[in-house]
Amino acid sequence: MTSITKPRIRIPKLDRNALGLTRMDYEGSMSTLCAGCGHDSITAALTHAFFELALPPHRAVKLSGIGCSSKTTAYFLSQAHGFNGVHGRMPAVASGANAAHQELTYIGISGDGDSLSIGLGQLCHAIRRNVNMLYVLENNGVYGLTKGQFSASSDVGSKSKKGEPNQDGPIDPVAMALTLGATFVARSFSGDKEQLVPIMMAGLRHRGFAFVDVLSPCVTFNDHEGSTKSYTFIRKSNSEVVGTGFVPIQEQISTQYEPGSVRPVTVHDGTTLYLRKVDASYDPTDRSMAYAYLKEHQDRGEIATGLLYIQEDSADLHAREKTVATPLRDLTFESLCPGAAALEDLMDEYI
Amino acid sequence: MTGTDEGGDLPTESRVNDFAFRVATVNGTGSASANGLILKAIHRMGVPVSGKNVFPSNIQGLPTWYELRVNRKGHLARTPKFDLIVAMNPSTYAVDVAEVQPGGWILYDDSWPLSKTLIRSDVTYLSVPFARLCVDKFAGSRERVLMKNIAYAGALGALIGLDMDIVRGLLEETFSRKKALLESNYVAVKMGYDYARTHLDCPLPIQLDKMEPDSRHILMDGNTSIALGCIYAGATVGAWYPITPATSVMDNFTMLCKRFRTDPDGSKRFAILQAEDELAAAGIVVGAGWMGARAFTSTAGPGIDLMCEFIGLAYYAEVPCVFFDIQRTGPSTGMPTRTQQADLLSVAYASHGDTKHIALFPADPEECFRLTVEAFDLAERFQTPVFVVSDLDIGMNDWRIPRMTWDDDYFWDRGKVLDEAELAELDSFSRYLDVDGDGIAARTLPGVSAKGAYFLRGSGHDKHGEYAESEDGYQEVVDRLVRKLETAKSALPDPVIERREGASALLVCLGSSDGACREAIDLLGSRGLVLDLLRVRAFPFSRDVEELLAEHEIIFVVDQNRDGQFRSLLVNETGIEKSKLRSVRHYSGTPLSAVHVIKEVLPVLDSHLDHTAEASLSAHPADLLGSRV
Ligand SMILES: Cc1ncc(C[n+]2csc(CCOP(=O)(O)OP(=O)(O)O)c2C)c(N)n1
Ligand code: SF4
Ligand SMILES: [Mg+2]
């Protein structure tokens, strides 16, 4: 994985967030992806979301598997620790890291090969554990890094660069996440920053597993005529169901929308998300409705996007495990080792 | 081993506190509690005893055996020679009858007559109508089956002289909250005892005689003591996927955490994650170790296979983590409930590419505890995966071991971890820079400081942690890893070396082979054949190992696997000439016994040595392998 250090150019009048940091403080090293790759837009959206939320960069933890998508953890938040592990196994690493320290902000980046083929089981089980993290699947319907093989999200009939149609049925990660009980499920498009940034912000605020499937065209291997993951095809089929607005703590909800079309949702730290619904009858807290809606769109050849489902109050891994407030990795030796006298007593039970 | 070796009557006094017997039952019928009761009762009489389970990979209905050995000298390795068989399973009568030493005894249930074909003239049959007695005494069918198995403990008590007050006391401890069960169990024990007293020729020459009450020894299995070691080492994250024979490590860790790591309000100073597979278990442990928690997983050979990719990552990216491998019989699923030392090679070099790992080899549950604590220190000090390689025999059988003690002055070694203040002192931080010249670079933990942030990758990296495809950048790091492991060698647990005056050969072993090897050395010694002992406790091998090997001309390397894996490691990792290492191998799935060792060693010594002491050669090997080996 190549990375090039970015030249640091000081631009005098950059916006500063509540921490007094600029957007540049959230950037990473220079991307080495192909020019126009959807993944780079996602990186930009993440950087933006972090800046907007004024999160301290070094309190974030970036994790990824292997693939072009997984490389991108090097391209944002250079002040945060990153873990670029093995193919498809980031969810396990994230689970372990999170188990050891619940106070950091976890972002996992993966690809459709990483998450839906080799790492399908890992993704499913991280969802089941409800690990508190933002999980971004950068979905291009192809294995980018190994040069263009079909992936498990390639649609039937979608054509490879050489013109061969894919025959095996796709796994829809959003439908899957919904059925597995994910507590935050969204779909977006790398080319729609307006939609993507607030979704990332909401995902970062959500306590529990925030799953975001981002359609992210591979310009080199899957952006041609006949592909269902090309910029043109996605733009044509994109149908936004629920738009996300984001109101940090204490700010007022703006009332620029029709009554009934905005649904406020308060997440665990008191932050309010407001969900702007295209269809007034849509309820993003109703899992079966989300699932049905998704299917309906799919049958019409449309791709439903937006924050499709959110469960406001769910117990994450730590709430379930009932771990102490102090992160496990910070516990003192004295608080962990029972000592000589306790061992002496215990031995009596084994005589 | 059938009873065809020469035997006959042995002097009566030598049979006191020196015999072995085997109980044959059907699994899932409560025999485990009866066997545990007998083992504990003997232990509480102060008599050295071991109990080994030979059990099927099944939940209910298949044959299972429990082997008890009593030995006043403390030789407690498995012996395949049984003086007495308790035959409670008609389906294995034939095997069981054949196993008894000539002159031995068979205790069986004569509720139904024994087939004529099962009658041997050189053994004594002792019959108790267990089933009939239980039908008379107990009501429910399940209770009748269970109580039949408790009743044999009573009959045995009368025959070999179990102290019945101790038995009663143990039942009271077990059923302190279930008075009804206590009574029915005691009635069953008493019933067996009384019947044997009145109808059989009690006591037998194989006798228990109370020794000094011994509160300095306990009975514990290795998986419990590993769990205890994890508690004392301060491990907080355990991840696992169930597999025999490793499962009880996490079961015990869970039990001990409830007791020692749970606050009154229910909040926990630990997290135990049952993963979806061993791959994920390894990933969780690597993630937690990177985050700065002491993390471990416990598994067996098949699990190690699945963990290999993560093991390689942890080795190369330098993440502390501890793996417990409780070995079972391979290859593949093999015999999951039988023991072997067959993962030595796969652990030493686990994962692709150039990798080599620290591995520790405890010989018994006491050492499991010590080496577990050491494993966590070593993992953090050297920022690398550390394996504790145990096996089914150590892990799942109760061993008589000295009481474990703890030194309150001990403090964990977290290795080189830079905190915020230390980072502030630096111009810049480079993750893989060898500042101290010992091959160990300092690490930082996530969330502490922006200055310490680095990007961990399994792909090629240079000393700064930056992506590297350049010859120098890559090679410098992998060469340093070699230096790091060199430094580690001197920090690993020393081998156990026993030099004896006039030794003519060296016996080399590791792990659970220890007991059988010591016994073999003892027996050979009593015949004038003197051997030195080398028990290796860690890989990579230290200088001492190499030196001792160089001192000897005749060297036996004991392996509990078919291919002599330990020997291969010695050949590969030391300068010793391959032909000098003679292989002693046992791999049937049962624990090693001194018989196996002597059988291999004796003919070689026989042909090599010029015996002045007529002792050894005049003796027929069978003599040395006498009934109580
Ligand atoms: C165990 C293993 N098998 C195969 C590979 C080779 N490999 C690297 S990336 C990749 C596919 C990545 O596809 P995806 O996750 O969709 O990422 P993209 O490059 O499309 O963003 C594969 C098969 C590997 N690194 N590890
Ligand atoms: S190959 Fe495709 S996915 Fe990979 S960087 Fe290029 S455009 Fe992006
Ligand atoms: Mg892809």
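**Exercise 1. The sheet of five strands in chain B**

Task: In this predicted model, find the order of the strands in the open sheet of 5 strands in chain B, and state which strands stand at the edges.

Solution:
- Step 1. The order is E16-E18-E17-E20-E21 (chain B), and the pairing is mixed.
- Step 2. Strand E16 (496-498) and strand E21 (581-585) of chain B each have a single partner strand, so one side of each lacks a neighbour in the sheet; these two are the edges.
- Step 3. From one strand to the next, the twist averages 20°.
- Step 4. At one edge, strand E20 (residues 555-559) of chain B pairs with E21(B) in the parallel sense, over 5 bridges. Val558(B) has Val584(B) in E21(B) as its bridge partner.

**Exercise 2. Helices on that sheet**

Task: For helix H16 (residues 514-526) of chain B, state which strands it lies across; for helix H19 (residues 594-608) of chain B, state which strands it touches.

Solution:
- Step 1. H16(B) lies across strand E17 (505-510), strand E18 (531-536) and E20 of chain B. Its direction is at about 175° to E18(B).
- Step 2. H19(B) packs on the sheet and touches E17, E20 and E21 of chain B. The direction of H19(B) makes about 150° with that of E21(B).

**Exercise 3. Strand E3 of chain B**

Task: Decide whether strand E3 (residues 63-71) of chain B is enclosed or open, and describe its pairing with strands E1 and E2 of chain B.

Solution:
- Step 1. The criterion for a buried residue is 20 or more other C-beta atoms within 10 Å of its own.
- Step 2. Of the 9 residues of E3(B), 8 are buried, so the strand is largely enclosed by the rest of the structure.
- Step 3. Strand E1 (residues 18-26) of chain B pairs with E3(B) in the antiparallel sense over 9 bridges. Within this pair, Phe21(B) is opposite Leu68(B).
- Step 4. Strand E2 (residues 49-54) of chain B also runs antiparallel to E3(B), joined by 6 bridges. Here Lys52(B) is opposite Glu67(B).

**Exercise 4. Chain B as a whole**

Task: Compare the radius of gyration of chain B with what the globule rule gives for 629 residues.

Solution:
- Step 1. Chain B has 21 helices and 21 strands.
- Step 2. Its radius of gyration is 27 Å and the rule gives 25 Å; the two are close, so chain B is as compact as a globular protein of that length.
- Step 3. The C-alpha trace of chain B spans about 90 × 70 × 40 Å along its principal axes.
- Step 4. Buried residues account for 53% of the 629. Of the contacts in chain B between residues at least 6 apart in sequence, 75% join residues at least 24 apart.

**Exercise 5. Where chain A touches chain B**

Task: State how many residues each chain gives to the contact, and which element of chain A supplies the largest share.

Solution:
- Step 1. Chain A gives 50 residues and chain B gives 57 residues.
- Step 2. Strand E2 (81-84), helix H3 (90-100), helix H5 (120-129) and helix H11 (339-348) of chain A each supply at least two residues of the side that touches chain B. The largest share, 8 residues, is from H3(A).
- Step 3. By class, this side of chain A has 27 nonpolar, 18 polar and 5 charged residues.
- Step 4. E2(A) pairs with strand E15 (residues 455-457) of chain B in the parallel sense, over 3 bridges. Gly82(A) has Phe455(B) as its bridge partner in E15(B).

**Exercise 6. The shells around ligands 1 and 2**

Task: Give the division by class of the residues around ligand 1 and around ligand 2.

Solution:
- Step 1. Around ligand 1 there are 17 residues, of which Gly67(A), Ser69(A), Gly111(A), Gly113(A) and Gly144(A) come nearest. Helix H2 (68-71), helix H4 (112-118) and strand E5 (142-143) of chain A each give two or more residues, and H4(A) gives the most, 3 residues.
- Step 2. The division for ligand 1 is 5 nonpolar, 9 polar and 3 charged.
- Step 3. The residues surrounding ligand 2 include Cys34(A), Cys37(A), Cys68(A) and Cys218(A), and Gly144(A) is also among them.
- Step 4. The shell around ligand 2 has 8 nonpolar, 4 polar and no charged residues.

**Exercise 7. Backbone exceptions**

Task: Locate the cis peptide bond that joins Cys202(B) and Pro203(B), and classify Ala54(A) as buried, partly exposed or exposed.

Solution:
- Step 1. Most residues other than glycine have a negative phi, and most peptide bonds are trans.
- Step 2. The bond between Cys202(B) and Pro203(B) has omega of about -15°. Pro203(B) is in the loop between helix H6 (179-199) and strand E7 (217-220) of chain B.
- Step 3. Ala54(A), not a glycine, has a positive phi of about 50°. With 14 C-beta neighbours inside 10 Å, Ala54(A) counts as partly exposed.

Conventions
Residues numbered from 1 in each chain as written. Chains lettered and ligands numbered in written order. Predicted model: local features only at pLDDT ≥ 70, side-chain atom pairs only at ≥ 80, totals over all residues. Near = placed C-beta within 6 Å. Helix = DSSP H or I, 4+ residues; strand = E, 2+ residues; numbered from the N terminus. Nonpolar A, V, L, I, M, F, W, Y, C, P; charged D, E, K, R; others polar. Rg over C-alpha atoms; globule rule 2.2 N^0.38 Å. Buried ≥ 20, exposed ≤ 12 C-beta atoms within 10 Å, placed from the backbone. Contact = placed C-beta atoms within 7 Å. Pairing = 2+ DSSP bridges. Axes fitted to C-alpha atoms, helices over the stretch in contact; angles between N-to-C directions.
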